[in-house]
Amino acid sequence: MNTEKILALAAAQEEHMTAVRRELHKHPEMGWHEERTTDVIERELRAMGLTNIRRGFRGTNCGLICDIGEARPRIAIRADIDALAVAFEDNDLEFKSEVPGVMHACGHDAHAASLLGAAAVFAAMKDELPGSVRLMFQPSEEQATTPGAKAFIAEGALDGVDAVIGYHVRAGAPEGRILYTPGPATTSGDIWELDITGKGGHGSRPHEAVDPTVCAAQIIGALQTIVSRELPPGKFAVISIGTLKSGSAVNVIPEKCEITGNIRTTDPAVRDSLPERITRIAKGIGEAMRCTTEFRFIPVYPSIINDPAMGKLLEAAGEELFGTGRVEQVPISNGSDDFNFYSTERPSIYFNVGMGEPGTPYGAPHHSPQFRTNDAILKTCAATVVGTAIKMMEAKK
Ligand SMILES: [Zn+2]
Ligand SMILES: [Zn+2]
């Protein structure tokens, strides 16, 4: 891997990446409305002479995939490009959001701009790559109900792809530091619903009714034993009750009680086992208390799983490019990213790039009106994805 060349090419892109990042920042677009954003990305790629472009997903004109070369191994790199609903941007910047109620408050403008910078580096190194790359400019990461990653996969984005790279800028972490978690990197997050049906009646005559609220109370208590009594110590899981709806009057025993909850875990096998465990306990207690139960599991996000071998390649690339100590292993994050859908399909690596510690302008949390992107790390992002992709190509050859 030609470290000097990658660093020089990435540094040469810095000014232009910064300009593009600020242009996108000024015109943020929410998930599946990234028309203008995709226009900018297409314009930039075509200006680099890249023509193997596929645009428009999920029946929209949003999102774009660009291939550089045809050879295998082929490494895909994902940049999410959507903004989110934030009432107003509380930053005094000449390029602050011009769209009321919408802001790039997660840094996806930096992802789009830095992947364009990486595209220029790849294009310049096209003939010396030991494989090829697929750049995936993906809409709608923030919309949990219509994740862009799922649409991309359904429409063939991973066809002919051997491994996937994803990255995210991180506020409140040291500038330029590369952070990743080997194995499960985020918790999974899923929703469940449980209806408990009894028989309504007068509050004064419980013997003529079947009370679903008392049954729900027993079920809620017993569900706590899944984590404390059924899972081995050391396995991480959270089972939380989000809502409990029962009854409408003080002297009425209701017919039905509705519970919703969420579950989070780091272990795919535990995740798979939880719906059965909740159903069994709810059904058993329901029967014991003369109620019927209906359970619904709504899968939302699996965990991002970082392939350990890919993690080592990221570390190797980071060290060669920036010296020792720049790549740091960190504990699992409670956050989520729809990159998880890629990581269940292909060996993957997902990492963060720090923008600045708390107390700097880049310490404000993601999704806050004060969130700010540090343009100084765009070249770090670009060089790191190029270096890691090349390492992966060499390893998969
Ligand atoms: Zn976000
Ligand atoms: Zn984000």
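I started with burial: 47% of the 397 residues of the protein chain count as buried. Worth jotting down early that this is a predicted model.

Next I looked up the secondary structure. I get 10 helices and 18 strands for the protein chain.

Then the overall dimensions. Along the principal axes, the C-alpha trace of the protein chain spans about 80 × 45 × 45 Å.

I also checked how far apart in sequence the contacting residues sit. Taking contacts between residues at least 6 apart in sequence, I find that 80% join residues at least 24 apart.

On to domains. The assignment I looked at splits the protein chain into domain 1, made of 3–186 + 303–396, and domain 2, covering 188–301. I noted 40 Å between the C-alpha centres of domain 1 and domain 2. What does each domain put into the contact? Six residues come from domain 1 and six residues from domain 2. I sorted the domain 1 side of that contact by class: three residues are nonpolar, three are polar, and no charged residues turn up there.

Last entry, helix 10. This helix runs over residues 378–396, which makes 19 residues. From its first C-alpha to its last I have 27 Å, close to the 27 Å expected at 1.5 Å a residue. Is helix 10 enclosed or open to the outside? I count 16 of its 19 residues as buried, so helix 10 is largely enclosed by the rest of the structure. For that count, a residue is buried if 20 or more other C-beta atoms lie within 10 Å of its own.

Note on methods. Residues are numbered from 1 along each chain as its sequence is written. Chains are lettered from A and ligands numbered from 1 in the order in which they are written. This is a predicted model: local features need pLDDT of at least 70, side-chain atom pairs count only at pLDDT 80 or more; totals for chains, interfaces and linings use all residues. Helices (H or I, at least four residues) and strands (E, at least two) are DSSP runs, numbered from the N terminus. A residue is buried if 20 or more other C-beta atoms lie within 10 Å of its own, exposed if 12 or fewer, and partly exposed in between; C-beta atoms are placed from the backbone. Two residues are in contact if their C-beta atoms, placed from the backbone, lie within 7 Å. Domain bounds come from an automatic or database domain assignment. Ala, Val, Leu, Ile, Met, Phe, Trp, Tyr, Cys and Pro count as nonpolar, Asp, Glu, Lys and Arg as charged, and the others, Gly among them, as polar. The expected span of a helix is 1.5 Å times one less than its number of residues.
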